[in-house]
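Biologist: Could you take a close look at a single part of this protein chain, the strand that is mostly covered, and then work outward from there to its surroundings?

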Amino acid sequence: MKATGIIRRIDELGRIVIPKEIRKQLKINEGQSLEIYMNDRQEIILKKYSEFSQLEKYCYAIMDTLSASYGINVMLANLEKIVYVASSAKKAYEGKELAPTMVDYIGRRKLLRGNHFEIIPLVRESQETCILPLNDHGELLGALFFMSDQRELDTVNEEILTYSGELLLKALQ
């Protein structure tokens with residue numbers, strides 16, 4: 001554990017303030033949820049909460065099926081990085097941070113389809129892409145990606161992407 005040298009008092013309501021420097025470094029934004037744990041040594045541990053962590057097995061099974069059925073890369077990202085990849089491209093993409101341009105497009109909350117290699121660094125020039133932002137009651141959670149080298153992603157794939165996203169969001173509720 002890294003020592004920061006920062007000490008905070010607990011107020012009368014039991015709150016503490018996480019220093020701005022730490023929030024900035026860990027990309028913790030106002031209103032973001034944190035999970036609170038306590039380990040065996042009686043230490044309090046704060047962890048950024050991810051709605052996707054609640055769905056892992058269910059979500060990943062759907063994505064694996066879509067990837068195998070259509071022969072395409074299916075990826076799930078939160079607003080910082082790719083959290084799961086269903087395809088042979090797992091090593092190339094999983095855990096990669098999203099570029100600011102990609103986060104910007106996801107933030108627009110609109111389906112993005114086509115070849116966007118010049119804007120989105122994860123996409124190669126030869127790839128067709130379909131990106132669906134995932135919103136839960138107005139809160140932007142991340143995005144679902146379809147990427148393909150071999151085939152053009154047509155409107156059928158768009159519909160599958162949209163239905164898959166809706167299914168994942170329903171599971172979150």
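Modeller: Strand β7 is mostly covered in this predicted model, since nine of its ten residues are buried. The strand spans residues 139–148 and is one of the elements that each supply at least two residues to a nonpolar core. That core, the largest nonpolar one, has 20 residues, and those with the most contacts inside it are Met63, Val74, Leu76, Leu144 and Phe146. Besides β7, the elements giving at least two residues each are α2 (56–70), β3 (73–77), β4 (82–86), β6 (128–136) and α5 (155–172), and α2 gives the most, with five residues. A second, separate core of 14 residues includes Ala89, Tyr93, Leu98 and Ile106.

Within the sheet, β7 runs antiparallel to β3, and five bridges join the two strands. Valine 74 stands opposite phenylalanine 146 of β7 in this arrangement, and both Val74 and Phe146 are listed among the residues with the most contacts inside the largest nonpolar core.

Leaving β3 towards β4, one enters the loop that holds glutamate 80. With a relative accessible area of 28%, glutamate 80 is neither buried nor exposed but partly exposed, because the value falls between the cut-offs of 20% and 50%. Not counting residues up to four places away in sequence, glutamate 80 touches Leu26, Lys27, Lys48, Lys96, Glu97 and Leu98, and Leu98 is one of the residues of the second core. Glycine 95 is 15 residues from glutamate 80 in sequence, and the two C-alpha atoms are 9.3 Å apart in space.

For the setting of these parts, the protein chain has five helices and seven strands, which follow the pattern α-β-β-α-β-β-α-α-β-β-β-α along the sequence. Of its 173 residues, 35% count as buried. Among the contacts with a separation of 6 or more, 41% come from residues 24 or more positions apart. The accessible surface comes to about 11,400 Å², and 52% of it belongs to carbon and sulfur atoms.

Part of that surface is a nonpolar patch of about 340 Å², made by Ile36, Ile44 and Leu46. Isoleucine 36 lies in strand β1, residues 34–38, and counts as exposed at 65% relative accessibility. The loop between β1 and β2 (44–48) contains glutamine 42, a residue other than glycine whose phi is nevertheless positive, near 65 degrees. Glutamine 42 is exposed as well, with a relative accessible area of 57%.

Turning to charged side chains, a search of the whole structure finds four salt bridges, and three of them can be described here. Arginine 15 pairs with aspartate 11, the closest N and O atoms being 2.8 Å apart; arginine 15 is partly exposed at 48% relative accessibility, and aspartate 11 is partly exposed at 27%. Lysine 90 and glutamate 94 meet through their side chains at 3.3 Å, N to O, with lysine 90 partly exposed at 32% relative accessible area and glutamate 94 also partly exposed at 32%. Arginine 108 and aspartate 104 form a salt bridge at 3.0 Å, N to O, where arginine 108 counts as partly exposed at 49% and aspartate 104 as partly exposed at 41%.

How values were computed:
Residues are numbered from 1 along each chain as its sequence is written. This is a predicted model: local features need pLDDT of at least 70, side-chain atom pairs count only at pLDDT 80 or more; totals for chains, interfaces and linings use all residues. Side-chain values use heavy atoms; hydrogens and water are left out. A nonpolar core is a set of buried Ala, Val, Leu, Ile, Met, Phe, Trp, Tyr and Cys residues joined through side-chain atoms within 4.5 Å. Buried means under 20% relative accessible area, exposed over 50%, partly exposed in between (1.4 Å probe, protein chains only). Helices (H or I, at least four residues) and strands (E, at least two) are DSSP runs, numbered from the N terminus. Two strands pair if DSSP finds at least two bridges between them. Contact means heavy atoms within 4.5 Å. Accessible areas come from the Shrake-Rupley method with a 1.4 Å probe; for residues, only the protein chains shown count as cover. Patches are made of residues with over 30% relative accessible area and no salt bridge: like charges are joined within 9 Å, nonpolar side chains (Val, Leu, Ile, Met, Phe, Trp, Tyr) within 5 Å.
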